[in-house]
Amino acid sequence: MRAQPKASHFINGAYVEDAAGDVIECIFPATGEVVAKLHSATPAIIEQALESAKAGQKIWAAMSGTERGRVLRKAAFIIEERNRDLSILETLDTGKPLSETLYVDATSGREALEYFGGLAGSLTGEHISLGQDWVYTVREPLGICVGIGAWNYPTQIACWKGAPALACGNAMIFKPSETTPLCALQVAEILHEAGVPAGVYNVIQGYGDVGAALVSDARVDKVSLTGSVPTGRKVYAAAAEGMKHVTMELGGKSPLIIFDDADLDNAVGGAILGNFYSSGQVCSNGTRVFVQKGIKEAFLARLKERTEQATMGDPLDEATNFGPMVSANQMNIVLGYIDKGIAEGARLITGGKMAQRDGFFIEPTIFADVTDDMTIAREEIFGPVLSVLDFDTEDEVMARANDTEFGLAAGVFTSDLTRAHRVAAGFEAGTCYINTYNDAPVEAPFGGSKASGVGRENSKEAINHYSQVKSVYVRMGDVEAPF
Ligand code: NAD
């Protein structure tokens with residue numbers, strides 16, 4: 001098998017196997033070929049991971065922030081050196097084209113390790129003067145953090161959760177999605193090669209039940225999930241039972257508004273980036289594209305022309321820029337939504353079918369004349385299906401854009417400066433874009449509002465979600481007691 005790891009799990013600084021666990025097949029989505037077979041964690045494996053994390057965290061937290069940061073930056077350097085191999089593995093795991101993975105996945109993981117490695121030495125508390133008495137605060141790690149990943153960005157998610165957690169002095173147990181189990185093991189191996197003590201970053205495989213067992217364990221202090229809203233509700237509720245800290249990075253149905261004064265080609269480019277990158281399997285995608293009526297037909301014509309230039313093919317060929325769905329299951333879900341779009345009266349502009357080739361490919365698909373009540377305008381599809389809706393006025397489109405349970409992202413294209421900021425201010429979403437779409441630099445907070453999530457990843461904000469503040473009151477004079 002082409003991508004078989006040394007063993008299924010990475011615990012206490014070493015690969016570990018327990019063949020008693022359910023089999024997890026890792027399938028290359030471009031061919032359907034099984035590239036690796038792993039095992040889901042048994043209770044014994046979960047126990048090993050928790051105990052090693054408990055011991056490792058104490059050693060790690062006793063090191064200075066500068067020392068921890070040096071190790072994280074060294075891991076970033078190793079990732080950079082191995083970018084091509086890691087990118088090929090990401091492509092085998094997810095099916096995303098190498099033309100993307102070479103520039104986005106290990107690269108984004110490396111940047112998170114660099115950024116939080118840089119911050120680790122500067123995490124401090126504060127001094128609060130109270131006359132002659134005073135309070136000082138100490139920023140402390142939470143303890144054991146559990147990271148649970150989705151399948152669309154396995155390396156990035158493993159690093160976006162691991163880097164801030166480790167910078168703050170926590171240990172992490174990361175459970176990748178059962179659909180993409182391979183990449184996080186490489187992250188664990190590299191972190192240990194860079195000098196992270198055994199037990200500080202563990203990876204265990206499994207389906208939802210393994211995630212649930214971790215979330216409900218009393219030794220776990222924090223849970224960070226990237227996944228769908230229904231899973232988020234379950235995990236958040238289970239974490240609340242144990243009063244644990246949470247970060248929830250969930251789904252979306254984000255609006256992208258294009259006013260008739262926008263630069264047409266930039267707006268089309270934004271819609272393509274916000275719908276077809278990673279074959280549409282991106283949580284923040286702007287899948288409801290609201291186009292002002294005056295430019296609707298010109299926009300559709302240009303969008304169709306450019307979309308039909310996508311090069312679908314073997315994701316390992318760098319000339320390919322459009323890959324398959326991650327799995328047969330995801331392909332069937334997306335095809336079901338396309339059928340619904342047609343049945344509910346949306347106008348199919350291009351695509352709409354499986355590609356005539358092996359693997360789980362769906363053509364990039366555009367619908368026009370989509371209305372707010374159609375299923376394809378309300379539910380997250382998580383595939384290459386772009387819906388164009390039209391509008392007349394700013395007030396009208398803002399009300400419609402915000403009329404959703406989700407609040408992950410939102411974007412606007414316009415050349416009117418004041419309107420751009422007014423629209424951004426009015427969006428009910430955690431991550432907004434003006435004249436661009438789907439950028440996610442590590443320096444900026446990323447996350448959702450409403451049903452799309454709780455907490456933020458990346459940036460200095462993430463530090464608040466992986467640490468807690470202790471206040472220490474210091475009295476300089478005598479204690480005055482009533483008796
Ligand atoms: P999913 O919700 O099916 O699974 C996510 C993870 O949760 C998997 O690892 C799964 O094994 C685990 N899980 C399932 N049930 C669990 C339980 N009861 N307890 C603990 N863990 C459990 O999501 P998916 O299909 O892997 O990913 C797609 C979804 O993720 C989409 O909705 C997408 O929008 C979202 N997503 C969000 C972001 C973000 O940053 N906001 C990023 C990527 C993906």
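The following exercises, with worked solutions, concern the ligand shell and the helix packing of a predicted model.

**Exercise 1.** Determine how many residues surround the ligand, and how they divide by class.

*Solution.* Step 1: the shell around the ligand consists of 27 residues. Among these, the closest are Gly149, Glu178, Ser228, Thr231 and Glu380. Step 2: sorted by class, the shell contains 13 nonpolar, 10 polar and 4 charged residues.

**Exercise 2.** Identify polar atoms of Gly149, Trp151 and Ser228 that lie within 3.5 Å of an oxygen atom of the ligand, and state how much of the ligand the protein covers.

*Solution.* Step 1: in Gly149, a polar backbone atom is 2.7 Å from a ligand oxygen atom. Step 2: Trp151 contributes a polar side-chain atom, at 2.9 Å from an oxygen atom of the ligand. Step 3: for Ser228, an N or O atom in the side chain lies 2.7 Å from an oxygen atom of the ligand. Step 4: on its own, the ligand has 850 Å² of accessible area, of which the protein covers 87%.

**Exercise 3.** Name the elements that give two or more residues to the shell, and find which one supplies the largest share.

*Solution.* Step 1: the elements are helix H7 (208–215), strand S10 (222–226) and helix H8 (229–241). Step 2: H7 provides the largest share, with 3 residues.

**Exercise 4.** Classify the packing of helix H2 against helix H6, and of helix H9 against helix H10.

*Solution.* Step 1: two packed helices are described by the angle between their axes and the distance between the axes. Step 2: the axes of H2 (residues 65–81) and H6 (residues 183–194) come within 8 Å and cross at roughly 125°. H2 is therefore oblique to H6, and H2 passes H6 in a right-handed crossing. Step 3: H9 (residues 264–273) and H10 (residues 296–307) have axes 10 Å apart and pack at an angle of about 55°. These two helices, H9 and H10, are therefore oblique to each other. Their crossing, that of H9 and H10, is right-handed.

Methods
Residues numbered from 1 in each chain as written. Predicted model: local features only at pLDDT ≥ 70, side-chain atom pairs only at ≥ 80, totals over all residues. Heavy atoms only, no water. Near = heavy atom within 4 Å. Polar contact = N/O pair within 3.5 Å; in protein donor to acceptor, adjacent residues only side chain to side chain. Areas by Shrake-Rupley, 256 points an atom, 1.4 Å probe, with all protein chains shown as cover. Helix = DSSP H or I, 4+ residues; strand = E, 2+ residues; numbered from the N terminus. Nonpolar A, V, L, I, M, F, W, Y, C, P; charged D, E, K, R; others polar. Axes fitted to C-alpha atoms, helices over the stretch in contact; angles between N-to-C directions. Parallel < 35°, antiparallel > 145°, perpendicular 65-115°, else oblique. Left-handed = near helix turned anticlockwise from the far one by under 90°.
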